[in-house]
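Work through the exercises below with the sequence and the model open. Each task is followed by a solution in steps.

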Amino acid sequence: MFSGRNWVARGLYLLLNICSLEVYGGLVQSCGHILPESPVLALGSNFTALCILNESCLDFGNIYASQIIWKIKNRVVPREQYREINRTVSSVTFNDTSSLATPLTCNILADGQIEQNIYGITVTLGLPPEKPKNLSCIVHQVLKLTYPMTCTWNPGRHTFLDTQFRLKYRWPHENFPDCIPKDVNNSCTINEVLFFVNLEVWVEATNALGKAESDPLVLDPIDIVKPLPPHNLSVNSGILPTVLKLSWENRISVAVMKLKFNIRYRIIGDTNWMQVPPEDTASPRTSFSVQGLRPYTEYVFSIRCMKEDGVGYWSNWSEEKTGVTTEDKPSKGPAIWRIIDASHSPASWTVHLMWKALEPFEANGVILQYEVTVRPKSSLSSPPERFNVNTTNLTLKLPNGTYEVAVIARNRVGASPPSVLLIPASNSKAPVKNVRTLPKDGKLWVGWTAPNTYILKYVIEWCLVSNSSDCIIEWQNEPGNVQGTYLKGDIKPFKCYLITVYPLYADGQGSGQSVKAYLQQDRPSKGPTVQTKKVGKAEAVLTWNHLTVDEQNGFIRSYTIFYKTIDGNETAVTVDPSKTEYTLSSLASDTLYTVRMMAYTDEGGRSGPDFTFTTQKFGKGEIEAIVVPVCLAFLLIVLLGVLFCFNKRDLIKKHIWPIVPDPSKSNIAQWSPQVPAKHNFSSKDQMYPEGSFTDVSVVEIEADDKKSFSEQDLKPFDLLKKEKSTSEGHSSGIGGSSCMSSPRQSVSDSDEGETTQNTSSTVQYSTVVLNGYRDQTPVQVFSRSESTQPLLDSEERSEDHAGGGDSTTRRQQYFKQSGGQDEASADRPCFEGTKQITSDDEGDLVRFAQLQVLSQSSQLLGFDLEKDTQEAALSDVSETSTEGQMVRPETGEGNPASVDQMPKSYLPQTVRQGGYMPQ
Amino acid sequence: GDSWGILTFLCAALCNLPALPALNCTEEPGAGQNIQKTYDLTRYLEHQLRTLAGTYLNYLGPPFNEPDFNPPRLAHAERVPSATVDLDLWRGLTDNARLAANYRAYSRLLCYLRALDGQTGTAELRHRLGHFCSSLQGLVLSIAGVMSSLGYPLPVGPSAPPGAPGAPNDFLKKMDDFWLLKELQTWLWRSAKDFNRLKKKVPPAVVTLRLETRGF
């Protein structure tokens, strides 16, 4: 739509132009013109143009050549380039046309000022053609009889003009039509050429500025043919397994040209081509037998050809064809090796025979089966055992001995030569030395030093050492003349391989020499986990486990132990990789240490986890060193004390246990018919015979005595009463028995009245030991009696008193005391009496109170032996025992209320007195 | 004095040797090469004619395409130059005469062949004929080249085909065509022999040694 409108507009514009031209040229008529009209100029040349004015205009407009102005486009050409030839002609000269442009106009200044265009020309600038160079031709065979010839040349520089190229060719006396290139300027194809006549070929370039011809090329087209490659190639296997016969068709007649050939071939899958020697195929032919091929191998063939004399071009390679050679018998026996397992029974071996499948170039066909022959060496007479197997291994159970094992591979054509392996009783021959490895080009190289004797071949065994899997043995054979080889297998980096080299001799084999190797090492995948085995004050024994093979990733060259305190610097210690224990010394005591361990391979190290421990405060034996002497010292002191005591026992005894005259040893006792039984005394008493310890009275409450708290206690009381009454006669009779009497009695004696006090107070009579009743601290009072003799009296008196007629009244009194406080006041006179006594005494309050108590108990003894309301009394005792203690200090103050309570605590003492009852 | 002169000559020759294109291998194809090419071309034409004749005779139809078709030579067909020359007579000719006879014969045969060209039917056949014609033209030129290289004069203007009227009928015209092809075959066979013989006579590559000495 838009373009259509555009065209219409252009059309109108053209029409207008034409009209105006006609008006200008026809009616108005142009006032002049330029010569030359529309020139084509060579760049760089000089150029002169003329503007010729019409005579009519001269008259009409008064214009002359001197008024002419030349312009290139809108630029005025300098006046120096103008020349006024005559009145009507002006010329302009350009020394270099490269400054020119279109249009070049001739103008005039009419009436002095107004510039009017007279005429204009277009100027075309360009270059003449260069001589075409490097002309060359080739005849491509397109079809069997079609031979177009293509010639190419170098057209030279760009001319900026329309330049025509023509390929010209001719016979000596005959011209042919030119070949005009289509769309290109540097090649042309002649459809049909004739052979065996020389052809002259050249290129002609033409444009407005000139013409140029290339050097002619004289050639016979037959000499520049690039033929089509032979076709219908076929490959046939011949009779021999190493020969394949090729045949093909040539697509160019022998009459046209004789051919020679190149044949190339390769094993399928291989990329390298081999070539049949060119001289073998340098003559025309349509078939060829390729020899020296491998049996049972697929080959790819391809062929090309050219003129026999080598003039011209080689054809392209033909399409590829494959062919397979026929089978041949295997060229060699399979490589064989064994693993002998002697662990099952001592008398026989399990022999795992294994052999390698032959390479295709050795197998020469499809291996159908393997024949294994096992012949015992020791007894040659015994027939060999034969096994036919399809696999490449065989497990045999053989009695110990030497065997010759032979393996033969068999294919359709025949059998291989046998591979023989000796299975000896022991690997007794010389081993190889200095087995070493080296990673090279991503492969692992194993080298060794051969023993001095002749080696048949070597077996290199290797396996990957790993924790996770068993060592799966791989192996390979190497000829006896080498001393190093690459391992043929998938050797992985960072894995440990155990490589063993066995030399095989004609009559046995040497023992294997092993080496461990890595194709490539890495840092260990983890560090060792370190921990303490023992921690002391200044040292710690660290222990760790070796990294597993899988974790090592290389040879562990060293361990480094790093240890530090929390704020201290890290200290590193390098440890030999064979160790699993190390003792850190010079540590600070009672300090927290962090320790970690790095394992290093050649490639670097990796750290294990941190482990912390605290050193001990005291060293080993330090505590013992303190404790033992202290104990010893203590013991020594004790011993010394004991010795001292022992030495000074008399003194001590005198101090603690003053010798009290034993009444029983007195003369008066000698006539006593009976010695009172002492069975109630403790064993201690018994240890000392009578007399030696007579001044000690120990009062204990036996378990039996405690029963006296029960209801049966009535009886002992009765018994006591009875005994007292019965022994009254004796005691009254025997004055000395008073020492056996209870302290209560003696106290009660002292308590009894002022009458006895002055006589008996001079002699220490007895010691009263009071066991604490129910956790109460006993109070020991040693009361001395100065009197020796009046004891009997007082005893008698107390007995008399106890057995006195008004016992009932006393008992009543007692009950009144226990019954209520109000009645206690009635008894006050009695206590007042004791109070007076104690006030006389200058002893401390406790003693005083005790004395009070003792006096009370004696009173109780005196009055209450015949108590029949035992239970009530017991309950009272239990109630008042605590109260009694509490009120004891108050008694010193003479508080009547507390004193009233005191008698209640007498009851247990009464009970204690029961212990004396057997007396 | 003589020996001195010879020495001077040798010295001058040696001095000028590097400066001069002393050994010149002639650029222009020699006679032997021309003969070889002509021979090859003859063989090539023979080969072409073999296929062309088969196709053309088939085009003519029976009985011409029958293998054992052997008509007697008619006097009418005399306008086609006969190759049936007595062998001894032919051998007795000089090289020049033989070449000239070849030249004349092929020139004439070419004229007939060109006349044949325009009439034939299929484009394929026409194309083949055209190619054969061009090649035959090349042979004529080749023979001329051999003659000139051997220094023999070219036979004066090949006798224009006589303005003999065309064959009176179609069969006779076909018969002419048959004989033309037959004669062509015979001539080509014989030419091949001729050129082979000539090839042996003239060494294949002529290397002209020109010693240019300026002093002499």
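**Exercise 1.** Leaving aside neighbours within four places in sequence, list the residues with which A:Q275 is in contact, and state where A:Q275 is found.

*Solution.*
Step 1. Apply the contact criterion, heavy atoms within 4.5 Å. With neighbours within four places in sequence left aside, A:Q275 is in contact with A:N262, A:I263, A:R264, A:Y265 and A:W317.
Step 2. Assign the element: A:Q275 belongs to strand β23 of chain A, residues 274-275. Helices (H or I, at least four residues) and strands (E, at least two) are DSSP runs numbered from the N terminus.
Step 3. Check the exposure. The relative accessible area of A:Q275 is 40%, so this residue is partly exposed; buried means under 20%, exposed over 50%, and partly exposed lies in between (1.4 Å probe, protein chains only).
Step 4. Take one C-alpha distance: A:Q275 and A:F301, 26 residues apart along the chain, have C-alpha atoms separated by 9.6 Å.

Conventions for all exercises: this is a predicted model, in which local features need pLDDT of at least 70 and side-chain atom pairs count only at pLDDT 80 or more, while totals for chains, interfaces and linings use all residues. Residues are numbered from 1 along each chain as its sequence is written, chains are lettered from A and ligands numbered from 1 in the order in which they are written, and side-chain values use heavy atoms, with hydrogens and water left out.

**Exercise 2.** Describe the fold content and surface of chain B: how many helices and strands are there?

*Solution.*
Step 1. Count the elements: chain B has 6 helices and 0 strands, in the sequence pattern α-α-α-α-α-α.
Step 2. Consider burial: 41% of the 216 residues of chain B count as buried.
Step 3. Consider contact range. Among the contacts in chain B with a separation of 6 or more, 87% come from residues 24 or more positions apart.
Step 4. Add the surface: about 11700 Å² of chain B is accessible, and 60% of this belongs to carbon and sulfur atoms. These areas come from the Shrake-Rupley method with a 1.4 Å probe; for residues, only the protein chains shown count as cover.

**Exercise 3.** Characterise the interface of chain B and chain A, and find which residues of chain B lose the most area to chain A.

*Solution.*
Step 1. The size of an interface is often given as the accessible area lost when the parts come together. Chain B and chain A bury about 1400 Å² between them, 65% of it on carbon and sulfur atoms; buried area is the accessible area (1.4 Å probe) that two parts lose on being put together, summed over both.
Step 2. On the chain B side, B:K37, B:Y44 and B:L141 lose the most area, together 40% of what that side buries.
Step 3. Count the participants: 16 residues come from chain B and 16 residues from chain A.
Step 4. Look for charge pairs. The rule finds 1 salt bridge across the interface, where a salt bridge is a side-chain nitrogen of Lys or Arg within 4 Å of a carboxyl oxygen of Asp or Glu. The side chains of B:K37 and A:D220 form a salt bridge at 2.2 Å, N to O.

**Exercise 4.** Is B:H47 buried or exposed, and which residues does B:H47 touch?

*Solution.*
Step 1. B:H47 sits in helix α2 of chain B, residues 31-60.
Step 2. Its relative accessible area is 18%, so B:H47 is buried.
Step 3. Not counting residues up to four places away in sequence, B:H47 touches A:S253 and A:A255.
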